[in-house]
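Here are some short exercises to help you find your way around a new model. Try each task with the structure in view, then follow the solution step by step.

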Amino acid sequence: MSNSLVIVESPSKSKTLESYLGKDFKVLASYGHVRDLLPKKGAVDPDNNFAMIYEAIERNEKAVNAIKKALKKADTLYLATDPDREGEAISWHLYELLKEKGCLENKEVHRVAFYEVTKSAVKDAIKNPRELSPNLIDAQQARRALDYLVGFNLSPLLWKKIQKGLSAGRVQSPALRMIVEREKEIDDFKAIEYWTIESDLEFDNSNFLGRLTEYNNEKIKKFSIENTAKASDIKSNLEQASTGELLVKTVTKKQRKRQPTAPFITSTLQQEAIRKLGFTAQWTMRVAQQLYEGIDVGDGTIGLITYMRTDSVNLAQEALNEIRSFISSRYGEKSLPDEPRVFKTKSKNAQEAHEAVRPTSVTRVPSEIKSSLTDEQFKLYELIWRRAVACQMSSAVLDQRHVTIENHKKSLELKAVGTVILFDGFYKVYKTKLSDSEDSKEDKQSLLPEMEEGQSLDLRKILPEQHFTAPPPRYSEASLVKKLEELGIGRPSTYASIISVLADRDYVKIESRRFFPEERGIIVTAFLMSFFEKYVEYDFTASLEEKLDKVSDGKMQWKSLLEEFWGGFSKNIKSVYEYSIEDVIKAIEPLIERHV
(Lines give C-alpha, C1' and ligand atoms only; values in the text may rest on other atoms or scores of the structure.)
Protein backbone atom coordinates (compact mmCIF):
# COMPACT_ATOMS: atom_id res chain seq x y z
CA MET A 1 0.00 0.00 0.00
CA SER A 2 1.31 3.46 -0.93
CA ASN A 3 1.33 5.76 2.09
CA SER A 4 1.80 8.90 0.01
CA LEU A 5 0.26 10.20 -3.19
CA VAL A 6 2.14 12.82 -5.21
CA ILE A 7 0.41 14.88 -7.92
CA VAL A 8 2.32 16.45 -10.80
CA GLU A 9 1.00 18.03 -14.00
CA SER A 10 2.31 15.69 -16.68
CA PRO A 11 2.45 11.88 -16.93
CA SER A 12 6.06 11.88 -18.21
CA LYS A 13 7.15 13.60 -15.00
CA SER A 14 5.14 11.17 -12.85
CA LYS A 15 7.16 8.16 -14.07
CA THR A 16 10.43 9.98 -13.31
CA LEU A 17 9.34 10.94 -9.78
CA GLU A 18 8.11 7.45 -8.97
CA SER A 19 11.57 6.05 -9.78
CA TYR A 20 13.15 8.65 -7.44
CA LEU A 21 10.77 8.28 -4.47
CA GLY A 22 10.38 4.51 -4.21
CA LYS A 23 7.57 2.09 -3.32
CA ASP A 24 5.98 4.18 -0.55
CA PHE A 25 4.99 6.87 -3.05
CA LYS A 26 2.51 6.72 -5.89
CA VAL A 27 2.79 9.55 -8.44
CA LEU A 28 -0.15 10.57 -10.67
CA ALA A 29 -0.66 13.40 -13.16
CA SER A 30 -3.46 15.98 -13.15
CA TYR A 31 -2.86 16.63 -16.89
CA GLY A 32 -2.82 20.37 -16.28
CA HIS A 33 -5.83 22.32 -14.97
CA VAL A 34 -8.66 20.31 -13.41
CA ARG A 35 -11.10 23.19 -12.91
CA ASP A 36 -11.84 26.48 -14.66
CA LEU A 37 -14.40 29.25 -14.73
CA LEU A 38 -17.80 28.33 -16.13
CA PRO A 39 -17.56 29.49 -19.77
CA LYS A 40 -20.79 31.50 -19.53
CA LYS A 41 -21.78 35.03 -18.63
CA GLY A 42 -22.01 35.43 -14.87
CA ALA A 43 -19.08 33.16 -13.95
CA VAL A 44 -17.50 36.21 -12.31
CA ASP A 45 -20.11 38.29 -10.48
CA PRO A 46 -18.96 41.87 -9.73
CA ASP A 47 -22.27 42.52 -7.86
CA ASN A 48 -21.56 39.66 -5.47
CA ASN A 49 -18.03 40.61 -4.36
CA PHE A 50 -16.60 39.05 -7.55
CA ALA A 51 -17.80 35.57 -6.67
CA MET A 52 -16.39 33.08 -9.16
CA ILE A 53 -18.20 29.95 -10.38
CA TYR A 54 -15.86 27.11 -11.28
CA GLU A 55 -16.58 23.78 -12.95
CA ALA A 56 -14.51 20.63 -13.40
CA ILE A 57 -12.80 20.33 -16.78
CA GLU A 58 -14.44 17.40 -18.53
CA ARG A 59 -11.39 16.18 -20.45
CA ASN A 60 -9.45 15.69 -17.17
CA GLU A 61 -12.26 13.86 -15.37
CA LYS A 62 -10.50 10.49 -15.87
CA ALA A 63 -7.30 11.84 -14.24
CA VAL A 64 -9.24 13.27 -11.27
CA ASN A 65 -11.11 9.97 -10.77
CA ALA A 66 -7.77 8.12 -10.74
CA ILE A 67 -6.50 10.55 -8.07
CA LYS A 68 -9.66 10.05 -5.96
CA LYS A 69 -9.26 6.28 -6.17
CA ALA A 70 -5.56 6.39 -5.24
CA LEU A 71 -6.29 8.71 -2.29
CA LYS A 72 -8.33 5.99 -0.61
CA LYS A 73 -5.10 4.02 -0.10
CA ALA A 74 -2.95 7.00 0.92
CA ASP A 75 -2.68 8.98 4.14
CA THR A 76 -0.65 11.91 2.74
CA LEU A 77 -1.18 14.00 -0.39
CA TYR A 78 1.70 15.98 -1.89
CA LEU A 79 0.70 18.62 -4.45
CA ALA A 80 3.81 18.88 -6.67
CA THR A 81 2.56 20.89 -9.64
CA ASP A 82 4.87 23.40 -11.35
CA PRO A 83 6.56 25.98 -9.07
CA ASP A 84 4.85 29.11 -10.43
CA ARG A 85 1.58 31.00 -10.02
CA GLU A 86 -0.15 28.75 -12.57
CA GLY A 87 1.12 25.61 -10.82
CA GLU A 88 -0.08 26.94 -7.46
CA ALA A 89 -3.53 27.51 -8.96
CA ILE A 90 -3.68 23.95 -10.37
CA SER A 91 -2.81 22.53 -6.93
CA TRP A 92 -5.42 24.74 -5.25
CA HIS A 93 -8.17 23.82 -7.74
CA LEU A 94 -7.41 20.12 -7.27
CA TYR A 95 -7.41 20.56 -3.47
CA GLU A 96 -10.82 22.34 -3.60
CA LEU A 97 -12.28 19.71 -5.93
CA LEU A 98 -11.12 16.83 -3.69
CA LYS A 99 -12.28 18.59 -0.52
CA GLU A 100 -15.72 19.16 -2.09
CA LYS A 101 -16.01 15.41 -2.76
CA GLY A 102 -14.95 14.55 0.81
CA CYS A 103 -11.74 12.85 -0.36
CA LEU A 104 -9.41 14.68 2.05
CA GLU A 105 -10.85 13.65 5.41
CA ASN A 106 -8.08 12.43 7.74
CA LYS A 107 -5.46 13.12 5.08
CA GLU A 108 -2.35 15.25 5.43
CA VAL A 109 -2.00 17.69 2.51
CA HIS A 110 1.29 19.38 1.58
CA ARG A 111 2.47 21.61 -1.24
CA VAL A 112 5.96 20.86 -2.59
CA ALA A 113 7.89 22.77 -5.25
CA PHE A 114 11.11 21.92 -7.07
CA TYR A 115 12.84 23.77 -9.91
CA GLU A 116 14.64 20.78 -11.42
CA VAL A 117 13.57 17.18 -11.89
CA THR A 118 16.56 15.53 -10.25
CA LYS A 119 16.56 12.96 -7.46
CA SER A 120 18.15 15.30 -4.90
CA ALA A 121 15.85 18.26 -5.73
CA VAL A 122 12.68 16.13 -5.59
CA LYS A 123 13.63 14.37 -2.33
CA ASP A 124 14.61 17.68 -0.76
CA ALA A 125 11.22 19.17 -1.73
CA ILE A 126 9.34 16.23 -0.16
CA LYS A 127 11.36 16.69 3.06
CA ASN A 128 10.54 20.42 3.14
CA PRO A 129 6.85 20.81 2.24
CA ARG A 130 4.86 24.00 2.75
CA GLU A 131 1.23 25.15 2.75
CA LEU A 132 -0.55 26.31 -0.39
CA SER A 133 0.23 30.01 -0.91
CA PRO A 134 -2.94 32.14 -0.55
CA ASN A 135 -1.16 35.10 -2.19
CA LEU A 136 -0.19 33.17 -5.34
CA ILE A 137 -3.69 31.67 -5.54
CA ASP A 138 -5.30 35.11 -5.15
CA ALA A 139 -3.05 36.55 -7.85
CA GLN A 140 -4.00 33.75 -10.25
CA GLN A 141 -7.71 34.17 -9.46
CA ALA A 142 -7.41 37.92 -10.03
CA ARG A 143 -5.66 37.35 -13.38
CA ARG A 144 -8.30 34.83 -14.45
CA ALA A 145 -11.14 37.14 -13.34
CA LEU A 146 -9.66 40.12 -15.20
CA ASP A 147 -9.24 38.10 -18.39
CA TYR A 148 -12.80 36.84 -18.06
CA LEU A 149 -14.29 40.30 -17.38
CA VAL A 150 -12.51 41.79 -20.38
CA GLY A 151 -13.25 38.92 -22.77
CA PHE A 152 -16.88 38.30 -21.77
CA ASN A 153 -17.79 41.99 -21.94
CA LEU A 154 -15.80 43.22 -24.93
CA SER A 155 -16.51 40.30 -27.26
CA PRO A 156 -20.36 40.60 -27.25
CA LEU A 157 -19.93 44.34 -27.77
CA LEU A 158 -17.73 43.73 -30.81
CA TRP A 159 -20.32 41.27 -32.19
CA LYS A 160 -23.14 43.78 -31.71
CA LYS A 161 -21.36 46.84 -33.10
CA ILE A 162 -18.95 45.39 -35.69
CA GLN A 163 -19.35 41.70 -36.64
CA LYS A 164 -19.79 38.29 -35.05
CA GLY A 165 -16.76 36.19 -34.25
CA LEU A 166 -14.52 39.05 -33.11
CA SER A 167 -13.00 39.08 -29.64
CA ALA A 168 -10.58 41.09 -27.52
CA GLY A 169 -8.30 40.19 -24.64
CA ARG A 170 -6.62 42.03 -21.80
CA VAL A 171 -3.03 41.24 -22.84
CA GLN A 172 -3.20 40.20 -26.48
CA SER A 173 -5.02 43.42 -27.54
CA PRO A 174 -2.05 45.69 -26.63
CA ALA A 175 0.25 43.19 -28.41
CA LEU A 176 -1.99 43.36 -31.49
CA ARG A 177 -1.92 47.16 -31.29
CA MET A 178 1.91 47.03 -31.51
CA ILE A 179 1.76 45.00 -34.73
CA VAL A 180 -0.94 47.24 -36.27
CA GLU A 181 0.88 50.45 -35.34
CA ARG A 182 4.17 49.15 -36.71
CA GLU A 183 2.42 48.48 -40.06
CA LYS A 184 1.20 52.10 -40.06
CA GLU A 185 4.77 53.33 -39.46
CA ILE A 186 5.94 51.23 -42.42
CA ASP A 187 3.13 52.55 -44.66
CA ASP A 188 3.96 56.16 -43.73
CA PHE A 189 7.69 55.73 -44.17
CA LYS A 190 9.45 57.79 -46.85
CA ALA A 191 12.87 56.45 -47.84
CA ILE A 192 15.78 58.92 -47.92
CA GLU A 193 18.70 58.37 -50.27
CA TYR A 194 22.29 58.65 -49.06
CA TRP A 195 25.72 57.49 -50.21
CA THR A 196 28.88 56.21 -48.58
CA ILE A 197 32.27 56.28 -50.24
CA GLU A 198 34.91 53.70 -49.45
CA SER A 199 38.36 53.31 -50.95
CA ASP A 200 40.24 50.13 -51.67
CA LEU A 201 43.69 50.84 -50.18
CA GLU A 202 47.02 49.02 -50.36
CA PHE A 203 50.00 49.01 -48.02
CA ASP A 204 52.88 46.55 -48.03
CA ASN A 205 50.99 44.18 -50.39
CA SER A 206 47.98 44.15 -48.06
CA ASN A 207 44.55 45.43 -49.11
CA PHE A 208 41.94 46.95 -46.83
CA LEU A 209 39.03 49.41 -46.96
CA GLY A 210 38.99 53.01 -45.75
CA ARG A 211 35.78 55.03 -45.44
CA LEU A 212 35.64 58.72 -46.39
CA THR A 213 35.05 60.67 -43.16
CA GLU A 214 36.10 64.22 -44.15
CA TYR A 215 36.04 66.07 -47.48
CA ASN A 216 37.12 69.69 -48.13
CA ASN A 217 37.35 70.28 -44.36
CA GLU A 218 33.78 69.11 -43.78
CA LYS A 219 32.90 66.01 -41.74
CA ILE A 220 30.97 63.43 -43.77
CA LYS A 221 27.75 62.59 -41.91
CA LYS A 222 25.10 60.05 -42.82
CA PHE A 223 23.20 62.34 -45.21
CA SER A 224 26.12 64.50 -46.41
CA ILE A 225 26.14 62.75 -49.81
CA GLU A 226 22.46 62.65 -50.76
CA ASN A 227 22.39 61.77 -54.48
CA THR A 228 24.19 60.19 -57.43
CA ALA A 229 25.41 63.52 -58.83
CA LYS A 230 27.12 64.51 -55.58
CA ALA A 231 28.63 61.03 -55.14
CA SER A 232 30.03 61.09 -58.71
CA ASP A 233 31.41 64.60 -58.20
CA ILE A 234 33.20 63.59 -54.99
CA LYS A 235 34.49 60.39 -56.62
CA SER A 236 36.11 62.27 -59.53
CA ASN A 237 37.56 64.90 -57.18
CA LEU A 238 38.94 62.16 -54.94
CA GLU A 239 40.60 60.43 -57.87
CA GLN A 240 42.36 63.68 -58.74
CA ALA A 241 43.07 64.67 -55.16
CA SER A 242 44.69 61.36 -54.31
CA THR A 243 46.76 60.68 -57.39
CA GLY A 244 49.73 61.57 -55.19
CA GLU A 245 50.51 59.48 -52.14
CA LEU A 246 48.08 59.07 -49.33
CA LEU A 247 49.64 59.36 -45.87
CA VAL A 248 48.93 57.68 -42.57
CA LYS A 249 47.79 60.49 -40.28
CA THR A 250 47.21 58.63 -36.98
CA VAL A 251 47.31 55.06 -35.67
CA THR A 252 45.35 54.32 -32.50
CA LYS A 253 45.36 50.95 -30.76
CA LYS A 254 42.88 50.03 -28.07
CA GLN A 255 42.07 46.82 -26.27
CA ARG A 256 38.39 46.15 -25.60
CA LYS A 257 36.81 43.51 -23.42
CA ARG A 258 33.58 41.81 -24.33
CA GLN A 259 31.63 40.42 -21.36
CA PRO A 260 29.41 37.34 -21.63
CA THR A 261 25.66 37.80 -21.32
CA ALA A 262 23.48 36.48 -18.49
CA PRO A 263 22.13 32.93 -18.45
CA PHE A 264 18.70 32.49 -20.02
CA ILE A 265 15.38 33.59 -18.61
CA THR A 266 12.16 32.61 -20.40
CA SER A 267 12.06 35.60 -22.75
CA THR A 268 15.74 35.52 -23.76
CA LEU A 269 15.56 31.75 -24.29
CA GLN A 270 12.60 32.25 -26.63
CA GLN A 271 14.34 35.09 -28.48
CA GLU A 272 17.57 33.16 -29.05
CA ALA A 273 15.79 29.93 -30.04
CA ILE A 274 13.72 31.88 -32.57
CA ARG A 275 16.79 33.67 -33.98
CA LYS A 276 19.38 30.94 -33.91
CA LEU A 277 17.34 27.75 -34.24
CA GLY A 278 14.32 28.96 -36.22
CA PHE A 279 11.91 27.74 -33.49
CA THR A 280 8.68 29.54 -32.57
CA ALA A 281 8.09 30.77 -29.02
CA GLN A 282 5.52 28.04 -28.47
CA TRP A 283 7.75 25.28 -29.87
CA THR A 284 10.65 26.51 -27.71
CA MET A 285 8.54 26.13 -24.58
CA ARG A 286 7.26 22.71 -25.65
CA VAL A 287 10.77 21.34 -26.20
CA ALA A 288 12.05 23.02 -23.01
CA GLN A 289 9.22 21.31 -21.10
CA GLN A 290 10.45 17.93 -22.38
CA LEU A 291 14.01 18.71 -21.27
CA TYR A 292 12.75 19.86 -17.85
CA GLU A 293 10.45 16.89 -17.23
CA GLY A 294 13.11 14.32 -17.92
CA ILE A 295 14.80 12.19 -20.55
CA ASP A 296 16.63 8.88 -20.19
CA VAL A 297 20.21 9.59 -21.23
CA GLY A 298 21.57 6.23 -20.19
CA ASP A 299 21.35 6.20 -16.39
CA GLY A 300 17.60 6.56 -15.88
CA THR A 301 15.23 9.43 -16.62
CA ILE A 302 16.41 12.80 -15.36
CA GLY A 303 15.48 16.43 -15.92
CA LEU A 304 18.17 18.03 -18.09
CA ILE A 305 17.32 21.70 -17.40
CA THR A 306 15.88 23.72 -14.55
CA TYR A 307 12.33 25.14 -14.70
CA MET A 308 11.94 27.13 -17.92
CA ARG A 309 9.40 29.70 -16.75
CA THR A 310 11.50 32.23 -14.88
CA ASP A 311 12.47 35.89 -14.97
CA SER A 312 15.51 35.55 -12.68
CA VAL A 313 19.15 35.45 -13.85
CA ASN A 314 20.36 33.96 -10.56
CA LEU A 315 22.33 30.71 -10.41
CA ALA A 316 22.40 28.49 -7.32
CA GLN A 317 25.74 28.30 -5.50
CA GLU A 318 26.07 24.56 -6.24
CA ALA A 319 25.51 25.26 -9.94
CA LEU A 320 28.13 28.04 -9.91
CA ASN A 321 30.65 25.75 -8.23
CA GLU A 322 30.03 22.98 -10.75
CA ILE A 323 30.19 25.30 -13.78
CA ARG A 324 33.43 26.93 -12.57
CA SER A 325 35.05 23.56 -11.90
CA PHE A 326 33.97 22.37 -15.38
CA ILE A 327 35.39 25.49 -17.09
CA SER A 328 38.70 25.12 -15.28
CA SER A 329 39.17 21.47 -16.26
CA ARG A 330 37.76 21.75 -19.79
CA TYR A 331 39.06 25.12 -20.98
CA GLY A 332 41.89 25.94 -18.57
CA GLU A 333 42.40 28.42 -15.73
CA LYS A 334 42.73 31.38 -18.14
CA SER A 335 39.11 30.89 -19.16
CA LEU A 336 37.91 31.24 -15.55
CA PRO A 337 37.47 34.69 -13.90
CA ASP A 338 38.76 35.09 -10.34
CA GLU A 339 35.23 35.48 -8.98
CA PRO A 340 31.88 34.05 -10.12
CA ARG A 341 29.93 36.47 -12.30
CA VAL A 342 26.74 37.88 -10.77
CA PHE A 343 24.04 39.19 -13.09
CA LYS A 344 21.20 41.56 -12.27
CA THR A 345 17.75 41.02 -13.65
CA LYS A 346 16.20 43.71 -15.87
CA SER A 347 12.68 42.36 -15.35
CA LYS A 348 10.42 44.23 -12.94
CA ASN A 349 9.31 42.14 -9.95
CA ALA A 350 11.55 39.23 -10.93
CA GLN A 351 11.34 36.36 -8.47
CA GLU A 352 14.95 36.25 -7.32
CA ALA A 353 14.46 33.05 -5.36
CA HIS A 354 14.08 31.27 -8.66
CA GLU A 355 16.99 30.36 -10.89
CA ALA A 356 17.81 31.13 -14.49
CA VAL A 357 17.30 28.37 -17.09
CA ARG A 358 20.41 26.18 -16.89
CA PRO A 359 21.46 22.54 -17.28
CA THR A 360 20.84 20.52 -14.12
CA SER A 361 24.46 19.41 -14.54
CA VAL A 362 27.01 20.88 -16.97
CA THR A 363 28.85 17.56 -16.92
CA ARG A 364 26.10 16.30 -19.24
CA VAL A 365 27.84 17.74 -22.29
CA PRO A 366 25.43 18.05 -25.26
CA SER A 367 27.60 16.12 -27.73
CA GLU A 368 27.90 13.23 -25.25
CA ILE A 369 24.13 12.75 -24.84
CA LYS A 370 23.10 13.66 -28.39
CA SER A 371 22.08 10.08 -29.25
CA SER A 372 19.43 10.17 -26.46
CA LEU A 373 17.79 13.38 -27.73
CA THR A 374 15.65 14.33 -30.70
CA ASP A 375 17.16 16.88 -33.06
CA GLU A 376 15.11 19.74 -31.53
CA GLN A 377 15.89 18.64 -27.96
CA PHE A 378 19.60 18.51 -28.74
CA LYS A 379 19.64 21.96 -30.38
CA LEU A 380 17.78 23.63 -27.50
CA TYR A 381 19.74 21.81 -24.79
CA GLU A 382 23.03 22.77 -26.46
CA LEU A 383 21.91 26.43 -26.63
CA ILE A 384 21.01 26.44 -22.90
CA TRP A 385 24.18 24.57 -21.95
CA ARG A 386 26.47 26.89 -23.92
CA ARG A 387 24.85 30.05 -22.52
CA ALA A 388 25.10 28.81 -18.92
CA VAL A 389 28.76 27.81 -19.26
CA ALA A 390 29.74 30.95 -21.18
CA CYS A 391 28.17 33.27 -18.58
CA GLN A 392 30.84 32.18 -16.06
CA MET A 393 33.84 32.36 -18.41
CA SER A 394 36.48 35.05 -18.89
CA SER A 395 35.85 38.04 -21.11
CA ALA A 396 36.93 37.98 -24.74
CA VAL A 397 39.75 40.47 -25.43
CA LEU A 398 39.70 42.35 -28.74
CA ASP A 399 42.55 44.40 -30.19
CA GLN A 400 41.03 47.26 -32.14
CA ARG A 401 43.11 49.46 -34.43
CA HIS A 402 41.89 52.78 -35.91
CA VAL A 403 43.93 54.33 -38.74
CA THR A 404 43.18 57.74 -40.25
CA ILE A 405 44.58 58.57 -43.68
CA GLU A 406 44.86 61.94 -45.45
CA ASN A 407 46.21 63.27 -48.72
CA HIS A 408 49.09 65.77 -49.04
CA LYS A 409 46.69 68.71 -49.43
CA LYS A 410 44.74 67.60 -46.35
CA SER A 411 41.54 67.96 -48.38
CA LEU A 412 40.24 64.49 -47.51
CA GLU A 413 40.37 62.02 -44.66
CA LEU A 414 39.73 58.27 -44.68
CA LYS A 415 39.31 55.95 -41.73
CA ALA A 416 40.09 52.21 -41.51
CA VAL A 417 39.25 49.94 -38.57
CA GLY A 418 40.69 46.51 -37.86
CA THR A 419 39.76 44.09 -35.07
CA VAL A 420 41.68 41.05 -33.93
CA ILE A 421 40.55 38.66 -31.19
CA LEU A 422 43.55 38.41 -28.84
CA PHE A 423 41.83 36.06 -26.38
CA ASP A 424 38.57 34.34 -27.18
CA GLY A 425 37.46 33.71 -23.56
CA PHE A 426 33.75 32.85 -23.57
CA TYR A 427 33.71 33.03 -27.40
CA LYS A 428 35.02 29.46 -27.24
CA VAL A 429 31.56 28.45 -26.15
CA TYR A 430 28.99 31.07 -27.13
CA LYS A 431 28.81 34.03 -29.52
CA THR A 432 26.41 36.66 -28.26
CA LYS A 433 25.12 38.01 -31.57
CA LEU A 434 21.91 37.00 -33.33
CA SER A 435 23.57 34.26 -35.33
CA ASP A 436 27.03 33.24 -36.42
CA SER A 437 26.51 35.05 -39.73
CA GLU A 438 25.35 38.25 -38.03
CA ASP A 439 28.28 38.98 -35.71
CA SER A 440 29.05 42.68 -35.58
CA LYS A 441 32.00 44.04 -37.53
CA GLU A 442 34.02 44.54 -34.35
CA ASP A 443 33.80 40.81 -33.55
CA LYS A 444 35.09 39.71 -36.94
CA GLN A 445 38.78 39.25 -37.60
CA SER A 446 39.62 42.18 -39.92
CA LEU A 447 43.39 42.54 -39.99
CA LEU A 448 45.09 45.82 -40.81
CA PRO A 449 48.78 45.81 -41.76
CA GLU A 450 51.24 47.34 -39.30
CA MET A 451 51.47 51.06 -40.21
CA GLU A 452 53.09 54.12 -38.68
CA GLU A 453 52.29 57.80 -38.91
CA GLY A 454 53.68 59.47 -42.04
CA GLN A 455 53.94 56.28 -44.11
CA SER A 456 52.43 56.38 -47.59
CA LEU A 457 49.96 53.97 -49.14
CA ASP A 458 48.22 53.56 -52.49
CA LEU A 459 44.66 54.08 -53.60
CA ARG A 460 43.52 51.22 -55.82
CA LYS A 461 39.87 52.05 -56.33
CA ILE A 462 37.08 54.34 -55.08
CA LEU A 463 33.84 52.55 -54.22
CA PRO A 464 30.74 54.79 -53.94
CA GLU A 465 27.66 52.94 -52.64
CA GLN A 466 24.03 54.04 -52.71
CA HIS A 467 21.82 53.41 -49.68
CA PHE A 468 18.24 54.18 -48.68
CA THR A 469 16.95 54.51 -45.14
CA ALA A 470 14.82 51.50 -44.23
CA PRO A 471 11.43 51.55 -42.52
CA PRO A 472 11.20 50.04 -39.04
CA PRO A 473 11.08 46.24 -39.42
CA ARG A 474 7.88 44.32 -38.81
CA TYR A 475 7.94 42.44 -35.54
CA SER A 476 9.27 38.92 -35.51
CA GLU A 477 8.33 36.58 -32.65
CA ALA A 478 11.70 37.37 -31.05
CA SER A 479 11.39 41.16 -31.28
CA LEU A 480 7.72 41.08 -30.16
CA VAL A 481 8.64 39.04 -27.06
CA LYS A 482 11.49 41.47 -26.36
CA LYS A 483 9.16 44.48 -26.69
CA LEU A 484 6.47 42.91 -24.50
CA GLU A 485 9.11 42.25 -21.84
CA GLU A 486 10.52 45.79 -22.10
CA LEU A 487 7.03 47.29 -21.65
CA GLY A 488 6.12 44.94 -18.79
CA ILE A 489 3.17 43.42 -20.67
CA GLY A 490 2.45 39.77 -19.88
CA ARG A 491 4.75 37.47 -17.97
CA PRO A 492 7.29 34.77 -18.98
CA SER A 493 4.65 32.05 -19.05
CA THR A 494 2.27 34.05 -21.27
CA TYR A 495 4.40 35.29 -24.22
CA ALA A 496 3.97 32.14 -26.32
CA SER A 497 0.20 32.01 -25.74
CA ILE A 498 -0.24 35.72 -26.60
CA ILE A 499 1.37 35.09 -30.00
CA SER A 500 -0.59 31.89 -30.71
CA VAL A 501 -3.93 33.57 -29.82
CA LEU A 502 -3.30 36.40 -32.31
CA ALA A 503 -2.49 33.91 -35.07
CA ASP A 504 -5.35 31.49 -34.18
CA ARG A 505 -7.92 34.31 -34.36
CA ASP A 506 -6.63 35.39 -37.78
CA TYR A 507 -5.74 38.83 -36.42
CA VAL A 508 -2.22 38.47 -37.80
CA LYS A 509 -0.45 36.32 -40.37
CA ILE A 510 3.19 35.30 -40.23
CA GLU A 511 5.20 35.53 -43.44
CA SER A 512 8.97 35.16 -43.60
CA ARG A 513 8.85 35.01 -39.78
CA ARG A 514 7.35 38.52 -39.57
CA PHE A 515 3.91 39.63 -38.31
CA PHE A 516 1.49 41.26 -40.74
CA PRO A 517 -1.85 42.51 -39.37
CA GLU A 518 -4.94 41.04 -41.01
CA GLU A 519 -8.06 43.13 -41.70
CA ARG A 520 -9.82 41.61 -38.65
CA GLY A 521 -6.91 42.65 -36.43
CA ILE A 522 -6.92 46.19 -37.82
CA ILE A 523 -10.69 46.52 -37.23
CA VAL A 524 -10.48 45.26 -33.61
CA THR A 525 -7.56 47.59 -32.88
CA ALA A 526 -9.40 50.57 -34.45
CA PHE A 527 -12.46 49.82 -32.29
CA LEU A 528 -10.43 49.51 -29.09
CA MET A 529 -8.35 52.62 -29.82
CA SER A 530 -11.56 54.59 -30.49
CA PHE A 531 -13.60 53.48 -27.49
CA PHE A 532 -11.31 51.68 -25.01
CA GLU A 533 -7.99 53.44 -25.52
CA LYS A 534 -7.05 53.34 -21.84
CA TYR A 535 -7.30 49.54 -21.80
CA VAL A 536 -4.90 49.01 -24.71
CA GLU A 537 -2.38 51.56 -23.44
CA TYR A 538 0.95 49.91 -22.80
CA ASP A 539 1.50 51.69 -19.46
CA PHE A 540 -1.96 50.75 -18.19
CA THR A 541 -1.50 47.08 -19.09
CA ALA A 542 1.96 47.05 -17.47
CA SER A 543 0.65 48.74 -14.29
CA LEU A 544 -2.02 46.05 -14.03
CA GLU A 545 0.73 43.38 -14.21
CA GLU A 546 2.58 45.19 -11.42
CA LYS A 547 -0.57 45.16 -9.29
CA LEU A 548 -0.98 41.42 -9.89
CA ASP A 549 2.61 41.00 -8.71
CA LYS A 550 1.70 42.99 -5.59
CA VAL A 551 -1.13 40.54 -4.93
CA SER A 552 1.41 37.68 -5.31
CA ASP A 553 3.64 39.39 -2.74
CA GLY A 554 0.75 39.96 -0.32
CA LYS A 555 0.95 43.75 -0.73
CA MET A 556 -2.49 44.19 -2.32
CA GLN A 557 -5.90 42.53 -1.90
CA TRP A 558 -7.10 40.84 -5.08
CA LYS A 559 -10.71 41.95 -4.67
CA SER A 560 -9.53 45.59 -4.32
CA LEU A 561 -7.66 45.23 -7.62
CA LEU A 562 -10.79 43.86 -9.33
CA GLU A 563 -13.00 46.66 -7.89
CA GLU A 564 -10.55 49.31 -9.04
CA PHE A 565 -10.48 47.87 -12.57
CA TRP A 566 -14.19 47.09 -12.89
CA GLY A 567 -15.42 50.52 -11.78
CA GLY A 568 -14.07 52.33 -14.84
CA PHE A 569 -14.26 49.43 -17.29
CA SER A 570 -17.97 48.67 -16.69
CA LYS A 571 -18.90 52.35 -17.17
CA ASN A 572 -16.92 52.35 -20.41
CA ILE A 573 -18.80 49.23 -21.61
CA LYS A 574 -22.21 50.76 -20.79
CA SER A 575 -21.40 54.03 -22.57
CA VAL A 576 -20.32 52.26 -25.79
CA TYR A 577 -23.56 50.23 -25.87
CA GLU A 578 -25.34 53.59 -26.22
CA TYR A 579 -23.59 54.29 -29.56
CA SER A 580 -25.40 53.39 -32.78
CA ILE A 581 -23.63 51.05 -35.23
CA GLU A 582 -23.39 54.02 -37.62
CA ASP A 583 -21.62 56.13 -34.96
CA VAL A 584 -19.18 53.30 -34.23
CA ILE A 585 -18.35 52.79 -37.92
CA LYS A 586 -17.93 56.54 -38.38
CA ALA A 587 -15.47 56.64 -35.46
CA ILE A 588 -13.30 53.70 -36.57
CA GLU A 589 -13.31 54.30 -40.35
CA PRO A 590 -10.50 56.91 -40.33
CA LEU A 591 -8.26 54.52 -38.36
CA ILE A 592 -8.98 51.64 -40.74
CA GLU A 593 -8.45 53.82 -43.84
CA ARG A 594 -4.93 54.60 -42.65
CA HIS A 595 -4.08 50.96 -43.41
CA VAL A 596 -5.76 50.69 -46.79
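**Exercise 1.** Find where N49 is located, and work out whether it is buried or exposed or partly exposed.

*Solution.* Step one: N49 is found in the loop between strand 4 (44–45) and strand 5 (51–52); strands (E, at least two residues) and helices (H or I, at least four) are DSSP runs, numbered from the N terminus. Step two: this is a predicted model, in which local features need pLDDT of at least 70, side-chain atom pairs count only at pLDDT 80 or more, and totals for chains, interfaces and linings use all residues. Residues are numbered from 1 along each chain as its sequence is written, and side-chain values use heavy atoms, with hydrogens and water left out. Step three: N49 has 46% relative accessibility, so it counts as partly exposed; buried means under 20% relative accessible area, exposed over 50%, and partly exposed in between (1.4 Å probe, protein chains only). Step four: the phi of N49 is near 55°, a positive value in a residue other than glycine.

**Exercise 2.** Now describe N216 in the same steps.

*Solution.* N216 lies in the loop between strand 10 (206–215) and strand 11 (218–219). Its phi is positive, about 50°, although N216 is not a glycine. With 45% relative accessibility, N216 is partly exposed.

**Exercise 3.** Which residues does T310 touch, leaving out those up to four places away in sequence?

*Solution.* Start with the place: T310 lies in the loop between strand 14 (301–302) and helix 10 (317–331). T310 is buried, because its relative accessible area is 4%. Next, list the contacts (heavy atoms within 4.5 Å): T310 touches I265, T266, H354, E355, A356, V357 and P492. Finally, the side chain of T310 reaches the backbone oxygen of E355 at 2.9 Å.

**Exercise 4.** Check the span of helix 12 (residues 375–390).

*Solution.* The expected span is 1.5 Å times one less than the number of residues. Helix 12 has 16 residues, so it should span 22 Å, and its end C-alpha atoms are 22 Å apart, which agrees. Then look at its surroundings: among the buried residues of helix 12 are F378, Y381 and W385, and their cover includes helix 8 (266–277) and helix 9 (281–293).

**Exercise 5.** How many disulfides are there?

*Solution.* Look for pairs of cysteine sulfur atoms within 2.5 Å. The count comes to zero. As for individual cysteines, C103 is buried at 16% relative accessibility, and C391 is buried at 0%.

Key:
Polar contact = N/O pair within 3.5 Å; in protein donor to acceptor, adjacent residues only side chain to side chain.
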